[in-house]
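Got your viewer open? Here is a short walk through the model, one selection at a time.

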Amino acid sequence: LVADPQLVDWHTYKRPSWAMAATIFYADAYLGKVYRQMLNVHKPETVIFLGDLFDGGREWDTKDSGNKGARGKGKGNEAHYNNAYWKNEYERFQNIFPSEPGILTIKSLPGNHDLGFGKGIKPEVRQRFEMFFGDPSSVWEIGNHTFVLLDTVSMSDDRQDKNGLKVGRPAKLWFEEYVKG
């Protein structure tokens, strides 16, 4: 189980650019080294990521500005980045934590840093996460255990989206169906 890798990004801290670049470089190197060592030493059959894959995923816009490329502005809580930036961060995550042949690797469970929480969830950010990582609510039979992954982060939001559906409704419906059995 890998919990809260929270990849550091330009949103994470208010620091001079050279310090943030160094922080990102060394944090990525450390996470990648530990992950590879975990795979080499423990030789797991399954790896499950338990959310908060990114630190600022909830902040990254789902649209691209008229400018080409991954762009952003601001630091800390004032950070705003475009969709191309998110795609670069997704690739960065996949490079640090690659899915290895022969190892079931599940990366679909979001955390509050990936989507936001409660009224802070943007439905389009949740949809993008699901498009890239898959259904966040699922059941896995692994060995003699049943793992139930439930998108409780989305369930924290009971607002209605532009179509009149509650943001947390898909996760709640999925869970109700699972319980019925």
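**Starting at helix α2**

Select residues 83-96, which make up helix α2. Its buried residues are Asn83, Ala84, Tyr85, Trp86, Glu89, Tyr90, Arg92, Phe93, Gln94 and Ile96. That is 10 of the 14 residues in α2, so the helix is mostly covered. Keep in mind that you are looking at a predicted model.

While α2 is still highlighted, check its length. With 14 residues at 1.5 Å a residue, α2 should span 20 Å, and because its end C-alpha atoms are 20 Å apart, the expectation and the model agree.

**From α2 to β1**

Now show the side chain of Phe93 and add Phe49, in strand β1 (residues 46-50). What kind of aromatic pair do Phe49 and Phe93 form? The pair is edge-to-face, with 5.5 Å centre to centre and 65 degrees between the planes. Phe49 and Phe93 are 44 residues apart, so this contact links distant parts of the chain. Buried or exposed, how do the two partners count? Phe49 is buried at a relative accessible area of 0%, and Phe93 is also buried, at 0% relative accessibility.

**On to helix α4**

Next, pick Phe129 and Phe133. These rings form a tilted pair, 4.6 Å centre to centre with 35 degrees between the planes. Both lie in helix α4 (residues 123-133), 4 residues apart, or about one turn of the helix. An α-helix has 3.6 residues a turn, so residues three or four places apart point the same way. Phe129 is buried, with a relative accessible area of 2%; Phe133, at 11%, counts as buried because the cut-off is under 20%.

**Zooming out to the rings**

Select Tyr35, Phe49, Phe54, Trp86, Tyr90, Phe93, Phe97, Phe129, Phe132 and Phe133 together: ring pairs link them into a cluster. Both of the pairs you just visited have their rings in this cluster. In total, the structure holds 17 aromatic pairs.

For a ring with a charged neighbour, jump to Tyr13: Arg15 lies over its face, 4.3 Å from the ring centre.

**Last stop: the β5–β6 hairpin**

Finish with strands β5 (residues 138-142) and β6 (residues 145-149), which run antiparallel and are joined by 5 bridges. Show Trp140 and you'll find Phe147 of β6 standing opposite. The two strands form a hairpin with 2 residues between them. Click on Gly143 in that turn, where phi is positive, at about 60 degrees.

Conventions
Residues numbered from 1 in each chain as written. Predicted model: local features only at pLDDT ≥ 70, side-chain atom pairs only at ≥ 80, totals over all residues. Heavy atoms only, no water. Phe/Tyr/Trp six-rings, centres within 6.5 Å; stacked < 30°, edge-to-face > 60°. Buried < 20%, exposed > 50% of the residue type's maximum accessible area, 1.4 Å probe, protein only. Lys NZ or Arg CZ within 6 Å of the ring centre and 35° of its normal. Pairing = 2+ DSSP bridges. Expected span 1.5 Å × (residues − 1).
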